[in-house]
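Colleague: Please take me through one part of this model closely, from its strand pairing to the side chains that follow. I would like one connected account rather than a list.

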Amino acid sequence: MTGIQDNFDPDLRKIIRTKKQIAIIPVGSIEQHGPHLPVSTDSDIVTEVAKRVAKKCNLLLLPTITYGVSFEHAPFFNLSVTRMTLQNQLVDICNSLVENKIRKIIILNGHHGNQKALSGVAGKISRGKGKISVISYWHHMETEFDHAGFAETSLMLAVSNKAKMSRAKKGLVTDRMSAEQKSKVSKIASTHFIKATKTGVWGDPTKATKKDGMRILSEIVQNIAKKVSKLPY
């Protein structure tokens with residue numbers, strides 16, 4: 001793994017010249033995660049996943065973009081950018097990587113609300129020279145994902161010491177909902193998270209553990225690494 005911000009110009013140019021280098025850009029968000037997780041949760045998790053994938057696959061690791069599209073969390077706290085702002089920033093970064101002879105780029109997504117913005121990046125890269133792959137990390141775990149619930153809280157316990165478990169409380173639990181009910185509440189949450197969850201927590205964080213988080217994290221990294229190994233140049 002090479003962290004781009006920790007390197008020097010001559011070294012980076014040598015790395016790029018000597019092999020087909022793949023860059024990975026983690027993208028997170030700054031938004032509420034209930035009373036027990038920090039607003040940096042999405043950015044913290046995706047940063048750690050990216051570090052581990054970069055190390056395992058020998059990727060060029062770029063700094064995390066910590067601001068995402070999180071307007072759906074209002075009036076809970078969020079620092080959001082528009083879909084086009086995020087997309088344009090990534091287009092500029094990817095075009096710059098292409099100009100520096102790095103044409104294979106992975107955008108690693110850590111927040112559900114970013115997906116539409118990220119999906120449009122590939123079509124805007126100059127002259128089609130860059131090959132962009134967008135990977136949302138939660139698609140590579142068997143445990144059902146949530147928001148500040150069991151899965152996400154376990155991951156935070158694994159990657160940081162920021163979780164305050166004494167504040168953790170059960171939120172919206174969909175286990176007994178029908179597929180139709182789940183679809184309906186998901187649609188509401190995509191625009192007004194507070195109307196769907198009341199507390200800002202989707203799931204039950206009270207049973208989360210660091211051990212579970214390490215297991216889920218390892219699974220995510222292994223599965224993403226396998227996908228990276230199969231990406232064509």
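Modeller: Two strands count as paired here if DSSP finds at least two bridges between them. The model is a predicted one. In it, strand 6 (residues 104-109) runs parallel to strand 7, and the two are joined over six bridges. Within this pairing, Lys104 faces Lys131 of strand 7.

The two strands belong to an open sheet of five strands, ordered 1-4-2-6-7, with parallel pairing. Strand 1 (2-3) and strand 7 are the edge strands; each has a single partner strand, so one side of each lacks a neighbour in the sheet.

Next come the aromatic side chains. The structure contains four aromatic pairs. One of them joins Tyr137 and Trp138: the ring centres are 5.7 Å apart and the planes stand at 80°, so the pair is edge-to-face. A plane angle over 60 degrees is what edge-to-face requires. Trp138 also pairs with Phe145, and here the rings are stacked, at 5.8 Å centre to centre with 10° between the planes. Through these ring pairs, Tyr137, Trp138 and Phe145 are linked into a cluster.

How buried or exposed are the residues of this cluster? The cut-off for buried is a relative accessible area under 20%. Tyr137 has a value of 0% and is therefore buried. Trp138, at 10%, is also buried. Phe145 has 24% relative accessible area, so this residue is partly exposed.

His147 sits in the loop that connects strand 7 (131-136) with helix 5 (150-159). With 9% relative accessibility, His147 falls in the buried class. Which residues does His147 touch, once neighbours within four places in sequence are left aside? The contacts of His147 are Glu31, Gln32, His33, His73, Glu152, Phe193, Gly200, Val201 and Trp202.

For a view of the surface, consider a separate set of side chains. Val39, Tyr67, Phe77 and Leu79 make up a nonpolar surface patch of about 360 Å². Among them, Leu79 is part of strand 5 (residues 78-79). Leu79 is partly exposed, at 39% relative accessibility.

To return to the part you asked about: strand 7 pairs with strand 6 and stands at an edge of the sheet. The loop between strand 7 and helix 5 holds His147, one of its residues, and His147 is buried.

Methods:
Residues are numbered from 1 along each chain as its sequence is written. This is a predicted model: local features need pLDDT of at least 70, side-chain atom pairs count only at pLDDT 80 or more; totals for chains, interfaces and linings use all residues. Side-chain values use heavy atoms; hydrogens and water are left out. Rings of Phe, Tyr and Trp (its six-membered ring) pair if their centres lie within 6.5 Å; planes under 30 degrees apart count as stacked, over 60 as edge-to-face and the rest as tilted. Buried means under 20% relative accessible area, exposed over 50%, partly exposed in between (1.4 Å probe, protein chains only). Patches are made of residues with over 30% relative accessible area and no salt bridge: like charges are joined within 9 Å, nonpolar side chains (Val, Leu, Ile, Met, Phe, Trp, Tyr) within 5 Å. Accessible areas come from the Shrake-Rupley method with a 1.4 Å probe; for residues, only the protein chains shown count as cover. A salt bridge is a side-chain nitrogen of Lys or Arg within 4 Å of a carboxyl oxygen of Asp or Glu. Helices (H or I, at least four residues) and strands (E, at least two) are DSSP runs, numbered from the N terminus. Contact means heavy atoms within 4.5 Å.
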